[in-house]
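Morning, everyone. I'll take a few minutes on one sheet and one pair of helices. Here it is on the screen.

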Amino acid sequence: MDIHHIQYILEIAKTGSISKASQNLFVSQPYLSSILKRFEESIGFTIFDRTHKGVQLTNDGQQVLNDLEKLDTLYQSIETKYLTPTNYFSSLSISARRSSYIAFAIAKMINRLQEEHHNLSIKFSETTNLQVIEDVNSGNADIGIIRFYTENKEHFENQLKARYIEWKQLSSFPRVVLISQQHPLAKKEHLALKDLEPFTEIIHGDFEWDDYTEAYLWQKKINSSKKLIQVYERGSLLDFIATIKGSYTWTTATYPTILDKYKLIEKSVLPSHSECLDYIIYKAKLEKSVILKLVEEKIDETIQLFN
């Protein structure tokens, strides 16, 4: 059993429910149940009584839980004390939700790092919020950047707390529609939702339900006769918006160079929708690291171009 499995069991005890814990941890319920079962088999007794309302600690289970909490606290202490990176590092992995301005910010950061570290290896991946969180939690990414709407703030912060992941808010942007300069709606100052009804919407095919303000509407759209195209690459999405007549996509801030390159424009939609928040996430050992500060600095510099 590794430290993550111990933290999973602690989450089950905290929530009193395997189902609720699996939601908080972004893992499947059968997988979580199997981890608990293997642990109980290894120690020779059950630590939870299963009831129709969830799970409840047994007397022996409470003692086990106390020991697991001490072990988790000790691990966090060791991680902070001995695994804190120095100013020099040879590799860096960043996992981020798709965003043009974040990609540009990371490129600026790489330019800066290459001046100081000649043998630096960097891995940058664009993926879903779920995968970003799991990448940071598992150690596959040193730093993650997630993006979600304000009404889902509590939901995502709970996911991070459950994994002992730290976070800082980087920015907030209004939600807008991205269209071609030649789009029939291009000359309208502001758009209304009904203005978009006749046109083709383009979305990321692996969008996450928790990210969207109107999640129930997405399912309605997919099952209706609405024109909808799903793509899986940010570059493909931009190509489609630029070339498919009457297409659009919901987005936030798009880097000015991208707008110029693809001949695109952003349009606000009234009534205004909720804002989108970007968080940088990391394990506690990176709290005071030079690299974390540098990533924040370059992203902040890039954000200023939108103000």
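One term before we start: two strands count as paired if DSSP finds at least two bridges between them. Also keep in mind that this is a predicted model.

Now the sheet. It is open and has six strands. Read across, the order is β8-β12-β7-β11-β9-β10. The pairing is mixed. Which strands are at the edges? They are β8, residues 191–192, and β10, residues 228–231. Each of these pairs on one side only.

Look at β7 and β11. β7 covers residues 176–180, and β11 covers residues 247–251. The two run antiparallel, and three bridges join them. For a landmark, find V176: it stands opposite T251 in β11.

Next, what packs on this sheet? Helix α10 does, residues 234–243. α10 touches β7, β9, β10, β11 and β12. Its direction makes about 170° with that of β9, residues 200–204.

On to the helix pair. α2 is residues 18–25, and α3 is residues 29–43. They pack at about 110°, with axes 9 Å apart. Angles of 65 to 115 degrees count as roughly perpendicular, so α2 and α3 fall in that class. The crossing of α2 past α3 is right-handed.

Which residues meet there? From α2, we have I18, S19, A21, S22 and L25. From α3, we have Q29, L32, S33 and L36. Sorted by class, that contact has five nonpolar residues, four polar and no charged ones.

That's my part. Over to you.

Conventions. Residues numbered from 1 in each chain as written. Predicted model: local features only at pLDDT ≥ 70, side-chain atom pairs only at ≥ 80, totals over all residues. Heavy atoms only, no water. Helix = DSSP H or I, 4+ residues; strand = E, 2+ residues; numbered from the N terminus. Contact = heavy atoms within 4.5 Å. Axes fitted to C-alpha atoms, helices over the stretch in contact; angles between N-to-C directions. Parallel < 35°, antiparallel > 145°, perpendicular 65-115°, else oblique. Left-handed = near helix turned anticlockwise from the far one by under 90°. Nonpolar A, V, L, I, M, F, W, Y, C, P; charged D, E, K, R; others polar.
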